Amino acid sequence: MRTTVLLTDSACDLSPELEKEYGIDILPFHITVDGVGYTERVDFDCEQYYDMLTKCKEIPKTAQITSFRYLEKFEEYAENGVKNVICVTINSGGSNTHQSALMARDEFAAEHPESDMHIYVVDSHSYSMVYGDALIEAAKKIDGGADVKSVIDFLEEHFACAEVVLSMYTLNFAKKSGRISAAAAFAGELLGLKPIITIIDGVTKTASKVRGDNAVMPAIVAHAQKNMEPGSEYIVGTTDKDNGKMLASRCKKAFGYPPKRVFLLGAAVATNTGPNAVAMVYRGKPRR
């Protein structure tokens with residue numbers, strides 16, 4: 001175990017392979033599907049969860065990660081000689097998980113005044129690979145000898161620029177989860193309209209609407225072309241590997257270079273979009 005560790009939650013959408021390769025510690029969310037409790041990354045993988053979504057009668061419910069679970073982790077780290085914990089959480093505006101981490105940090109400090117372990121809690125202000133990919137880069141920096149302050153500064157700067165643009169081919173889940181009103185979803189389905197949605201600083205907005213499935217990917221690429229920092233890295237997310245390859249191909253043609261990676265959207269995002277979504281994570285203009 002490193003003397004400086006990276007801790008996060010499963011909404012980061014890092015694959016188990018990347019989690020292991022970069023030594024990032026991930027606390028999984030508990031999810032209830034039609035009254036049955038599951039643990040993300042333990043009881044199902046992404047593709048199994050998409051199948052569950054197509055069959056469930058109600059929108060699954062995700063429980064926040066409790067302060068007790070964070071405290072357990074902090075106690076474990078202290079016992080293993082960890083000196084610094086950098087804990088990056090899901091958007092604080094969309095989950096109380098961030099507050100749980102803060103409470104656990106304060107409780108640990110109160111119970112262990114003699115401890116020289118420092119705990120830093122960082123709000124990603126977003127979801128998915130916005131902070132999953134940032135944690136990979138943070139792990140590289142730590143392994144390269146970077147100090148804690150420079151790593152946290154990097155994370156804060158990254159989150160101040162990161163943006164997501166996404167869409168889905170069916171509006172059922174967005175309607176059920178409240179992301180889109182029932183009336184808007186009905187009109188969209190009637191007219192064949194698909195929303196192009198942005199997530200910036202944890203705020204979800206409909207940037208535009210396009211007609212028909214075939215217009216979705218071109219619109220996502222066009223939005224990124226307009227808002228992405230020229231020449232910067234980008235990532236493609238999907239709930240369908242074929243769609244991911246198709247969007248990646250379109251992006252490569254538009255930008256002149258391929259995405260940094262293509263990944264599967266995890267339960268936190270897929271629960272709201274449904275099992276038929278595509279997305280891009282890219283660097284926009286600094287906001288903070």
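Biologist: Serine 128: buried or exposed?

Modeller: Read it from relative accessible area; under 20% means buried. Serine 128 has 5% relative accessibility, so it counts as buried. Keep in mind that this is a predicted model.

Biologist: Where does serine 128 sit?

Modeller: Serine 128 lies in the loop between strand S7 (118-123) and helix H5 (129-143).

Biologist: What is notable about the phi of serine 128?

Modeller: General idea first. Most residues other than glycine have a negative phi. Now the case here. Serine 128 is not a glycine, yet its phi is positive, about 60°. Aspartate 13 is another such case, with a positive phi of about 65°. Aspartate 13 sits in the loop between S1 and H1. With a relative accessible area of 7%, aspartate 13 is buried.

Biologist: Which residues does cysteine 12 touch, leaving out those up to four places away in sequence?

Modeller: Cysteine 12 touches Ile26, Ser128, Met129, Tyr131 and Gly132. So serine 128 returns here as a contact of cysteine 12, where contact means heavy atoms within 4.5 Å. Cysteine 12 lies in the loop between strand S1 (4-9) and helix H1 (16-22). Its relative accessible area is 0%, so cysteine 12 is buried.

Biologist: How far apart are cysteine 12 and leucine 135, in sequence and in space?

Modeller: They are 123 residues apart in sequence. C-alpha to C-alpha, they are 8.9 Å apart in space. For the chain, take contacts with a separation of 6 or more: 75% of them join residues 24 or more positions apart.

Biologist: On to strands. How many residues of strand S9 are buried?

Modeller: Seven of the eight residues in S9 (residues 193-200) are buried, so the strand is largely enclosed by the rest of the structure. As a general guide, side chains in a regular strand alternate between the two faces of the sheet.

Biologist: Which strands pair with S9?

Modeller: Start with S8, which pairs with S9 in the antiparallel sense over three bridges. Valine 165 has threonine 198 in S9 as its bridge partner. Then take S10 (residues 203-211), antiparallel to S9 over eight bridges. There, isoleucine 196 is bridged to serine 208 in S10. S9 and S10 form a hairpin with two residues between them. In that turn, aspartate 201 has a positive phi of about 55°.

Biologist: Which strands are joined to S13 by bridges?

Modeller: S8 (residues 162-168) is joined to S13 by seven bridges, antiparallel. Leucine 166 has alanine 279 in S13 as its bridge partner. S11 (residues 234-238) is joined to S13 by five bridges, again antiparallel. Here isoleucine 235 is matched with valine 281 in S13. S13 (residues 277-283) is mostly covered, with six of its seven residues buried.

Biologist: Now zoom out. What does the secondary structure of the chain come to?

Modeller: Eleven helices and 13 strands. The radius of gyration is 19 Å, close to the 19 Å that the globule rule gives for 288 residues, so the chain is as compact as a globular protein of that length. Buried residues make up 52% of the 288.

Biologist: How many positive and negative side chains does the chain have?

Modeller: There are 32 positive and 38 negative side chains. The centres of the two sets lie 10 Å apart.

Key. Residues are numbered from 1 along each chain as its sequence is written. This is a predicted model: local features need pLDDT of at least 70, side-chain atom pairs count only at pLDDT 80 or more; totals for chains, interfaces and linings use all residues. Side-chain values use heavy atoms; hydrogens and water are left out. Helices (H or I, at least four residues) and strands (E, at least two) are DSSP runs, numbered from the N terminus. The radius of gyration is taken over C-alpha atoms; the globule rule is 2.2 Å times the number of residues to the power 0.38. Buried means under 20% relative accessible area, exposed over 50%, partly exposed in between (1.4 Å probe, protein chains only). Lys and Arg count as positive and Asp and Glu as negative; His and the chain ends are not counted. The place of a charge is taken as NZ of Lys, CZ of Arg, CG of Asp or CD of Glu. Two strands pair if DSSP finds at least two bridges between them.
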